[in-house]
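Colleague: I'm new to looking at models, and I'd like a close look at just one part. Please take me to the inside of this one and tell me what surrounds any empty space there.

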Amino acid sequence: MFRKTALALTASAALATSAFAAGHAKDVVDTAAAAGDFSTLLAAAEAAGLVETLKGDGPFTVFAPTDAAFAALPEGTVEDLLKPENKEQLASILTYHVIAGKVMSTDLQDDMEAATVNGDTVMIDLDNGVMVDNANVTTADIEATNGVIHVIDAVIMPGS
């Protein structure tokens, strides 16, 4: 049983890695879509009217919360944010996950503040792995034609 589980995890990791590797010929939106674990993020970007911007020239650094990160929010939060009347608030939250420019993990410094596209700053902490505000970076440096994606395990909120 353990051996089958280990093989399945290895195969899953290999498939995910190849999806990300193939993403280098794609923009950040298409790279995230190919990875398969960002459907909520992509739906939110669509609802906020940000898809075309993120498909633009960039470069962009995107701290991308997984579907599990969105699922961990209080019940009803995502559904409420996706309502048309909350488009501005949703755009503010999503642009808090984006830094103008291409920032690779090797560019990060402990306790640095980085300006986000929404005008606020995120705090980078390198004491115990890489953290952006209260989220852990689980996969870094996924390159795209117009920037880079760093996968995070939580949705970060402006002003938190």
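Modeller: The largest cavity has a volume of about 30 Å³. Keep in mind that this is a predicted model. Using a cut-off of 30 Å³ or more, the count comes to one cavity.

So who lines it? The lining of the largest cavity is made up of T40, A44, F70, V78, L81, L82 and L90. Sort them by chemistry and you get six nonpolar residues, one polar and no charged. The polar one is T40. Two helices, α3 and α6 (77-81), each supply at least two residues of that lining. From α3 come T40 and A44, while V78 and L81 come from α6.

Let's stay with α3, which covers residues 39-47. Its buried residues are L41, A44 and A45. They sit on the same side of α3, because they cover an arc of only 100 degrees around the axis. There's a handy rule behind that sort of pattern: an α-helix has 3.6 residues a turn, so residues three or four places apart point the same way. Try it on L41, which is followed three places later by A44 and four places later by A45.

What do those buried residues pack against? Their partners are α4 (51-54), β1 (60-65), α5 (67-71) and α7 (87-95). Two of these partners take you back to the cavity: F70 of the lining falls in α5, and L90 falls in α7. A44 links the two stories as well, since A44 is buried in α3 and also lines the largest cavity.

Now look at the ends of the helix. S39 belongs to α3 too. Is S39 buried, exposed or something in between? At 48% relative accessibility, S39 counts as partly exposed, because exposed would need over 50% and buried under 20%. Follow the chain from S39 to T66, 27 residues apart, and you'll find that their C-alpha atoms are separated by 8.2 Å. Past the other end, just after α3, G49 takes a positive phi of about 75 degrees.

To put the picture together, start at the cavity of about 30 Å³, find T40 and A44 in its lining, and then follow the buried side of α3 through L41, A44 and A45 out to the helices and the strand it packs against.

Notes
Residues numbered from 1 in each chain as written. Predicted model: local features only at pLDDT ≥ 70, side-chain atom pairs only at ≥ 80, totals over all residues. Heavy atoms only, no water. Buried < 20%, exposed > 50% of the residue type's maximum accessible area, 1.4 Å probe, protein only. Arc of directions from axis to C-beta. Contact = heavy atoms within 4.5 Å. 1 Å grid on protein atoms, 1.4 Å probe; cavity = no way out; pocket = protein on both sides within 12 Å on 5 of 7 lines; lining within 4 Å. Points joined across faces, edges and corners; volume = space filled by probe spheres on them.
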